[in-house]
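Work through the exercises below with the model open. Try each task before reading its solution.

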Amino acid sequence: MRGTPAEIDAAYKGFYSVWATYSHDPDRRELHYTIQGSLFPNWVGHKNLRFYELSGSRLTLRTPRFPMAGED
C-alpha cells in the first residue's frame, strides 16, 4: 500500500483473478477449465481451452485462434 498513485493504478488495472476446475489431455497438450469464481462475475461457468507447453519449470499457455472484429 505504499506505491505511488501511478504504481497502484497500474497494479489495480492489470490484475484479475479466477478459480476453476480443470482437466488436461497430455497427449494433445490441452488444458480444459471451467471458471467457478472470478472478479468478473459474468465469467463464472465459462468453459475454456488452452494449449500448453511445459519446458523445465516454465509453463506456457496459448489460446486457440478466435475471431475478433472479423479477423483471427
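Three exercises follow, on salt bridges, a surface patch and a pocket.

The model is predicted: local features need pLDDT of at least 70, side-chain atom pairs count only at pLDDT 80 or more, and totals for chains, interfaces and linings use all residues. Residues are numbered from 1 along each chain as its sequence is written, and side-chain values use heavy atoms, with hydrogens and water left out.

**Exercise 1. Salt bridges**

Task: find how many salt bridges the structure holds, and state whether Glu30 is buried or exposed.

Solution.
- Step 1. Apply the criterion: a side-chain nitrogen of Lys or Arg within 4 Å of a carboxyl oxygen of Asp or Glu. The structure holds 3 salt bridges.
- Step 2. Take Lys13 and Asp9, which pair at 3.3 Å, N to O. They sit 4 residues apart in helix α1, so about one helical turn separates them. Helices are DSSP runs of H or I with at least four residues, strands are runs of E with at least two, and both are numbered from the N terminus.
- Step 3. Take Arg28 and Glu30, whose closest N and O atoms are 3.2 Å apart.
- Step 4. Grade accessibility: buried is under 20% relative accessible area, exposed over 50%, partly exposed in between (1.4 Å probe, protein chains only). Glu30 has 8%, so Glu30 is buried. Its partner Arg28 has 57%, so Arg28 is exposed.
- Step 5. Finish with Glu53 and Arg62, at 4.0 Å between the closest N and O atoms. Glu53, at 44%, is partly exposed. Arg62, at 47%, is partly exposed too.

**Exercise 2. The surface patch**

Task: list which residues make the nonpolar surface patch, and place Phe15.

Solution.
- Step 1. Collect the members: Phe15, Tyr16, Val18, Leu39 and Phe40 make a patch of about 500 Å². Patch residues have over 30% relative accessible area and no salt bridge; like charges are joined within 9 Å, nonpolar side chains (Val, Leu, Ile, Met, Phe, Trp, Tyr) within 5 Å. Areas come from the Shrake-Rupley method with a 1.4 Å probe; for residues, only the protein chains shown count as cover.
- Step 2. Locate Phe15 in the loop between α1 (5-13) and β1 (18-25). At 53% relative accessible area, Phe15 is exposed.

**Exercise 3. The largest pocket**

Task: state which residues line the largest pocket.

Solution.
- Step 1. Read off the lining: Tyr16, Val18, Tyr33, Ile35, Trp43, His46, Asn48 and Arg50. On a 1 Å grid over the protein atoms alone, a pocket is an open set of points where a 1.4 Å probe fits, with protein on both sides within 12 Å along at least five of seven lines; lining residues have an atom within 4 Å of a point.
- Step 2. Assign strands: β2 (30-38) and β3 (47-55) each supply at least two lining residues.
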